[in-house]
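Work through the exercises below with the sequence and the coordinates at hand. Try each task before reading its solution.

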Amino acid sequence: MAKKRRPQTKAAKPQLADGEIPVVGAREPCPCGSGRRYKACHGRAAAQAVTELVRRPFEGLPGECDWVALRELVPAATVPLKLREGLPEDVPSVTLATVLPMAWPALRRDNGAVLLGVQNDTPSGDISRDLADVLRRALTAKPGTPVAAERIPADAPRLQDLLDLDAPFVPEVHSGFEFWVEDAGNQSPEVAASLERANSAALPTARLEGVEAAYWCETPEKNHLRWVMPHPEERLLDALARLHAAGASSLGEGTRLVGSFRAHGLMVPVWDLPSAMGAQECEKPAAAFAERLAEALEANDPLTAEERRARSGFTNRQITLN
């Protein structure tokens, strides 16, 4: 049987080079003249680039570990941001916040200041690019308005392109969300009630001062220390296994390293703490553990059988948040 020929599409339109293909609606004919819809032709690569997950979106930013913590662990915190090109004249400040009212991606205050929320849904697989886009639009938004997230091109700037990479990144953890409003003590009863509801849902959290990106939190049953670490995962797992097998992985009596999770390409070991152990009581044990960990990270000897069992236990209990 003769093979059916595929109907020929009109070829009157000139073929364009890849670099000249404009972006059109996904269901519209591709401007290249192929006769196919844009989403099935030149739009396919663009869509894949936008949705592809960036494993470490905050890599290269100062305080990468703290960025991860603010995104995943901390209820209420803020950090002043410094832009590489400086602030526009009508923008007095830019502040990163864990979360904003109504989960807004960004907010331009009445006084022109910008708040950028890191805990919100993002339309692509690159959180850094999405946040950068929201930030750029917030700088020119009308004062007193929120800024929504939008779909962006795959070559849009990232935070690494916009922020001053030499500026320090030191989060300030808050007990509540009063930073949402400019004068928290002089608000209407409705706003005060909204703040009270938000504050009641936030777990008490504190950032340790003696080590980087370690966050204590209080829960009804027990306290925890969650510590975002920058080390390569395989090497860190080996080091934790060595310490655990040697009985040196805890933070003192009544504490226990219970496992870890993976967030935005970094590992976050987690310790259970007694309810009586506050953030201040964690400072010295955490600093001592950091010294032990540094030594363990330098070790190159093959793991012993006991260390391999400890490593396997950590690996089996590890989960990935993103």
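## Exercise 1: an aromatic core

At 0% relative accessibility, Phe-289 counts as buried. The model is a predicted one.

**Task.** Classify the ring pair of Trp-227 and Phe-289, and say which parts of the chain the pair links.

**Solution.**
- Step 1. Take the environment of the partner: Trp-227 has 6% relative accessibility, and the cut-off for buried is under 20%, so Trp-227 is buried.
- Step 2. Take the geometry. The ring centres of Trp-227 and Phe-289 are 5.9 Å apart, and the planes stand at 55°.
- Step 3. Classify. Planes under 30 degrees apart would be stacked and over 60 edge-to-face, so 55° makes this pair tilted.
- Step 4. Place the residues. Trp-227 sits in strand β9, and Phe-289 in helix α7 (residues 279-298). They are 62 residues apart, so the pair links distant parts of the chain.

**Task.** Do the same for Trp-227 and Trp-271, then put the pair in the context of the whole structure.

**Solution.**
- Step 1. Count the pairs: the structure holds seven aromatic pairs.
- Step 2. One of them is Trp-227 with Trp-271, tilted, at 5.9 Å centre to centre and 45° between the planes.
- Step 3. This pair also links distant parts of the chain: Trp-227 is in β9 (residues 223-227) and Trp-271 in strand β11 (residues 266-273), 44 residues apart.
- Step 4. Trp-271 has a relative accessible area of 0%, so it is buried.
- Step 5. Look for a cluster elsewhere. Phe-58, Trp-67 and Phe-169 form one aromatic cluster.

## Exercise 2: the strand that carries Trp-227

**Task.** Is β9 enclosed or open to its surroundings, and which strands pair with β9?

**Solution.**
- Step 1. Count burial. Five of the five residues of β9 are buried, so the strand is largely enclosed by the rest of the structure.
- Step 2. Sort the side chains. Asn-223, Leu-225 and Trp-227 point one way, while His-224 and Arg-226 point the other way. Such alternation between the two faces of the sheet is what a regular strand shows.
- Step 3. Find one neighbour. Strand β8 (residues 214-218) runs antiparallel to β9 and is joined to it by five bridges. Cys-217 has His-224 as its bridge partner. A hairpin of four residues connects β8 to β9.
- Step 4. Find the other neighbour. Four bridges join β9 to β11, again antiparallel. Asn-223 stands opposite Leu-273, and Leu-225 stands opposite Trp-271.
- Step 5. Assemble the sheet. The six strands follow the order β7-β8-β9-β11-β10-β12, in an open sheet with mixed pairing. β7 (205-207) and β12 (319-320) are the edges; each has a single partner strand, so one side of each lacks a neighbour in the sheet.
- Step 6. Add the helix. α6 (residues 233-245) lies across β10 (256-263) and β11, at about 25° to β11.

## Exercise 3: the other six-stranded sheet

**Task.** What is the strand order of the sheet that holds β2, and how do the neighbours of β2 run?

**Solution.**
- Step 1. Write the order: β5-β3-β4-β2-β1-β6, an open sheet with mixed pairing.
- Step 2. Mark the edges. β5 (145-147) and β6 (172-173) each have a single partner strand, so one side of each is left without a neighbour in the sheet.
- Step 3. Check β1 (residues 77-81) against β2 (residues 94-97): they pair in the antiparallel sense over four bridges. Val-79 has Leu-96 as its bridge partner.
- Step 4. Check β4: four bridges join it to β2, and the two run parallel. Thr-95 stands opposite Leu-115.
- Step 5. Sort the side chains of β2. Val-94 and Leu-96 point one way, Thr-95 and Ala-97 the other, and all are buried.
- Step 6. Add the helix. α3 (residues 127-138) lies across β2, β3 (106-108), β4 (114-117) and β5, at about 165° to β4.

## Exercise 4: a two-sided helix

**Task.** Which residues of α5 are buried, and where do they lie around the axis?

**Solution.**
- Step 1. Check the span. α5 (residues 189-200) has twelve residues and reaches 16 Å from its first C-alpha to its last, close to the 16 Å expected.
- Step 2. List the buried residues: Leu-195, Ala-198 and Asn-199.
- Step 3. Read the arc. They cover only 100° around the axis, which puts them on the same side of α5.
- Step 4. Turn to the other side. Pro-189, Glu-190, Glu-196, Arg-197 and Ser-200 are exposed there.

Technical notes. Residues are numbered from 1 along each chain as its sequence is written. This is a predicted model: local features need pLDDT of at least 70, side-chain atom pairs count only at pLDDT 80 or more; totals for chains, interfaces and linings use all residues. Side-chain values use heavy atoms; hydrogens and water are left out. Rings of Phe, Tyr and Trp (its six-membered ring) pair if their centres lie within 6.5 Å; planes under 30 degrees apart count as stacked, over 60 as edge-to-face and the rest as tilted. Buried means under 20% relative accessible area, exposed over 50%, partly exposed in between (1.4 Å probe, protein chains only). Two strands pair if DSSP finds at least two bridges between them. Contact means heavy atoms within 4.5 Å. Axes are lines fitted to C-alpha atoms, for helices over the stretch in contact, and angles run from 0 to 180 degrees between N-to-C directions. The expected span of a helix is 1.5 Å times one less than its number of residues. The arc is that of the directions from the helix axis to the C-beta atoms.
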